[in-house]
Amino acid sequence: LTLNPDTTVPTLSSYTVSETLISPNNDGIKDSSSIDIAYSEEVNADINILDNNGIKIRDLYNATTVTNPQAKVWDGKNNSNTIVPDGVYTIQILGTDSAGNTVSDTSKAITVDTTAPVISLLGTSPINLTVGDPTYFDAGATALDNGTVDLTSSIVTTFTPGTVVTSTPDTFTVHYNVSDGAGNSATEVTR
């Protein structure tokens, strides 16, 4: 009688991450990410979140003899239930079958971004116009996210009470707003 040991390594038959960029600030916009996996066979499964040094900061899931566990949600918190610093966090998927064969995957990551963009006015503020001046031209503003990502083209500019009209006396306010990819909104800037 010859027994052939099981040397077939389990595989991930599916693996999805709902959000690769989150901002866990409880504003209801990209506060968490859902991690959904399925294995090719029954395994003892672990899902962990690793920091940029490869250190486990969150035990997200641990179960025995599963093939298709329910999706697990990472809320950007560590094992101490504290929101982690901004950065890139690797998802570690492990699965070990009854023969000791292990699948390991660290191919996907989630970026935590809780930093709002910063808007800077161009030109002077306030601006005083004389009735009858030519059409008002707004000098605009710039926006940077995390100090380096230019979001200037994404700024939404609005005027209250409406379009600036120079033919009659009035006071107008120009509002500048922008949000980054994680849903963090800049503090509104006005002129």
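**View 1. Strand β10 and its two faces in this predicted model.** Let's start with strand β10, residues 141–145, which has a covered face and an uncovered one. Ala-141, Ala-143 and Asp-145 make up the covered face, while Thr-142 and Leu-144 sit on the uncovered face.

**View 2. Strand β10 beside strand β9.** Here β10 meets β9, the strand made of residues 118–121. The two run antiparallel, and four bridges join them. To find your way between them, pick out Ile-119: its bridge partner in β10 is Ala-143, a residue already met on the covered face of β10.

**View 3. The hairpin of β10 and β11.** Strand β11 takes in residues 149–150. It runs antiparallel to β10, and two bridges join the pair. One residue to look for is Leu-144, whose bridge partner in β11 is Asp-150; Leu-144 belongs to the uncovered face of β10. Between the strands of this hairpin there are three residues. Have a look at Asn-146 too, which takes a positive phi near 55°.

**View 4. A salt bridge between Lys-30 and Glu-19.** Side chains of opposite charge can pair when their charged atoms come close. The count for this model comes to four salt bridges, and one of them brings together the side chains of Lys-30 and Glu-19, at 3.8 Å from N to O. The pair links distant parts of the chain, 11 residues apart: Lys-30 is in the loop between β2 (21–22) and β3 (33–39), and Glu-19 is in the loop between β1 (12–17) and β2. Lys-30 is partly exposed, at 31% relative accessible area, and Glu-19 is partly exposed as well, at 26%.

**View 5. Lys-56 meets Asp-59.** In this salt bridge the side chains of Lys-56 and Asp-59 come together at 3.0 Å, N to O. How exposed is Lys-56? Lys-56 counts as partly exposed, with a relative accessible area of 44%. Asp-59 is also partly exposed, and its figure is 41%.

**View 6. Asp-75 and Arg-58.** The side chains of Asp-75 and Arg-58 form a salt bridge, 2.9 Å from N to O. Asp-75 lies in the loop between β6 (72–74) and β7 (87–96), and Arg-58 lies in strand β5 (residues 56–66), so this pair ties together parts 17 residues apart in sequence. Is Arg-58 buried or exposed? Arg-58 is buried, because its relative accessible area of 17% falls under the 20% cut-off. Asp-75, at 26%, counts as partly exposed.

How values were computed
Residues numbered from 1 in each chain as written. Predicted model: local features only at pLDDT ≥ 70, side-chain atom pairs only at ≥ 80, totals over all residues. Heavy atoms only, no water. Buried < 20%, exposed > 50% of the residue type's maximum accessible area, 1.4 Å probe, protein only. Pairing = 2+ DSSP bridges.
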